[in-house]
Every structure is written in structure tokens, then in C-alpha cells.
Amino acid sequence: MRFFTLFILIALSAAANAQEQKINIKVAPTDAIVIVDGKIVKLQDGKATLTLPAEIEYTYSVACDGYEGADGSFRLKTKSPFNLTVELNKEDGTECTAATTDVTEDKLEDFLKAQYESKNYSLMLPVIDRFPDNAHSLFYKGCLYYYGRGVDKDRAKAIELWQQSAEKDCGDAYNRLGLVAESGYFTGSAGDKANQLGAEYYKKAIALGNSMAKYNLALSYYHGSIKRNDKEAFRLFGEAANEGNADAMAFYGHCMELNYDKDYFKGVSKAERLSEALKWIRKAVENGSTVGCYYLGSAYYYGKLGLASNTMEAYEWFKKGADNGDNDCAYFIQQHYKL
């Protein structure tokens, strides 16, 4: 199937009013229809700028004749830019049908993951319906309902589907349930009990080989949302980093900088340890981590990790992170640079 791409950039910049945020919208093709929170956005040459209350979650949808529709949600922050890119595929009913009917159950996970990441939600539902009791079908169906992608948003139904998927030993489902648990959904409120329950779900996901759960559990140890354990955070960040998680690479490097596991670096000089930390942070940036942008920017700004202080080089990395939605990068620019 021949694909055409629609790029939508929604860049959020801090407004003068701390309770509002600007949304700069750019679409292509320019005759696409954009709806934000149920209201059609008036475009000029495919562009528009809105100002809406911040700290609120909004839904959007995009439509254009001859293209598959796109939809999703975003949450405005008062101090952080946000970028959203959506790819829309050219409609081709015959080829789409062929694509869905050729999927076999042994290839189901790879197919659903690829279509979900490409935002081809309309291709997923017919295949999910063919394998309704498969753990991966249940998981991705839950994702569609949780975010309202291709179906009406229904988070309670989504969580129920993830629970059914987890019962069939789906690590991705256990990981999502961990995130849900931390929000306080199962315990009535966020806090220690919610965080402990979330950790238990992450551990079940890790037992099934889920790499993202390693990263999430490492964050729990790192931030102290459960009993803080620097050494365990370092170990889990390292495992997730070596499995390709870009943000885990950044935290792994940062934990090296802070020497979270002194036994690991026993007999290694400080200069060697910091050099290794910098290597992982650069690797994180190369793999698209905005967390890595923050730590690399900090290293240049303060002259750490063996680097000479260079505030302009630091700014470039903070800006890259901010342009891709990193709150910490955006806040650092706001606090330390006069633009």
C-alpha cells in the first residue's frame, strides 16, 4: 500500500497568563479538517494558533478526503512546550483488506504493535476481532479504548481488557496496570499504597520479560515513590538501557555520574566513571531521549562529566529537548536564559 504522510505539529509555548497556553497547529495537506475538543479549528494555509486553559487534557481529530483519520489526546502544561506528530495514511480499501486478512496469530503481536505505532488504528480492529481472546488483542484493544483511538474513549473498559490480557501473561498489560495503579485507580487515591501496588504489577511484567516495566520500576526506586533503592534503580536502568530504552540510557548515565552503585565501579577512577556516564547520556540523545537532552545540556551548562562549561552548547540541547516536549528542558530555559 502506498502511504502518504500527514504531519501535524502542535507546539506549546508558555503564555503570559500562567493559566493559559498557546497551541500552534500546522497540518499538511492544508485542506485537512482539525477538531480540538469538539470544535473545528479555522486554518489558514494549514496553520492556526489557539490559546486554551492549561493543565487540561484535550482531544483532537484530523480528517482529509482520501486519508485515514487520525485522533488522540494531549494535556497542556503551563510551562512546557509540547510537540505532536501524527502520520496519516492514504486510503486504499482493497490493500487494507488484504493486509488484515493475511495476518496469522503467530504474527499478531508484531502486526498490532506496528499498526499502533504507525497510528493505523482502523487496520487493527478487524484483526483484533478475528482473535478476540488473544492476549495481544486484548492489550491493544485496551489501548484503543483508553485513549479513544478509533473507538469511543472508555477507560474503565480499557483497564478491564488489560486485566484480561494480564491474566493471559501479557507483560505489556501488567506494565500498563502498574501505571494505572500508581494513579490511585484501584486504591481510591494516589500515595504509598497505590505506588506499592504499581510496583507489584511492574514486577509481574518484568518476570514476563517486559523491558518498559524495568524502566518504570527503576523510576519508582529512583524517585522514592516506593522505598528508595539507588542500587536497584541503577541495575534496572542498566538492563532497560541495554535493551534499547533511550530514556533508561539517560538515567543510567546520570546514576553513573552520581555513583549510585559504588561496588559496580570499584577500582574504576572517577574520570573513567564520568566518561562512561557521558557515553550513555550521548547514546540516549542519539536514540531520541529528551531526558538525555536535559542531562547533556546540564553537563555543558555546569561543566560536568569532563566537559568545559559552554552555555550556548547547553542551550542547543535544552532547546532540542523542549521542542520535543520535555518539561524540565523548557523550565531550565525559562529560568536560565533571557530570550
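Select N24 to begin. In this predicted model, N24 counts as partly exposed because its relative accessibility is 30%, and partly exposed covers the range between under 20% (buried) and over 50% (exposed). The residue belongs to strand β2, residues 20–26. Now add L50 to the selection. N24 and L50 are 26 residues apart along the chain, and their C-alpha atoms are separated by 6.6 Å.

Next, select residues 57–63, strand β6, together with residues 70–75, strand β7. How do β6 and β7 run, and how many bridges join them? The two strands run antiparallel, and six bridges join them. For one place along the pair, pick S61, which stands opposite D71 in β7. The two strands form a hairpin, with six residues between them. In the turn, click on G66, where phi is positive, about 90°.

Then move to residues 155–167, which are helix α5. Its 13 residues, at 1.5 Å a residue, should span 18 Å, and the end C-alpha atoms are 18 Å apart, so the expected and actual spans agree. Colour A158, I159, L161, W162, S165 and A166, the buried residues of α5. On which side of α5 do these residues lie, the same or opposite ones? They lie on the same side, because they cover an arc of only 160° around the axis.

Show α4 (135–147) and α6 (171–182) as well: the buried residues of α5 pack against both helices. Finish at D169, just after α5, where phi is positive, about 65°.

Conventions:
Residues numbered from 1 in each chain as written. Predicted model: local features only at pLDDT ≥ 70, side-chain atom pairs only at ≥ 80, totals over all residues. Heavy atoms only, no water. Helix = DSSP H or I, 4+ residues; strand = E, 2+ residues; numbered from the N terminus. Expected span 1.5 Å × (residues − 1). Buried < 20%, exposed > 50% of the residue type's maximum accessible area, 1.4 Å probe, protein only. Arc of directions from axis to C-beta. Contact = heavy atoms within 4.5 Å. Pairing = 2+ DSSP bridges.
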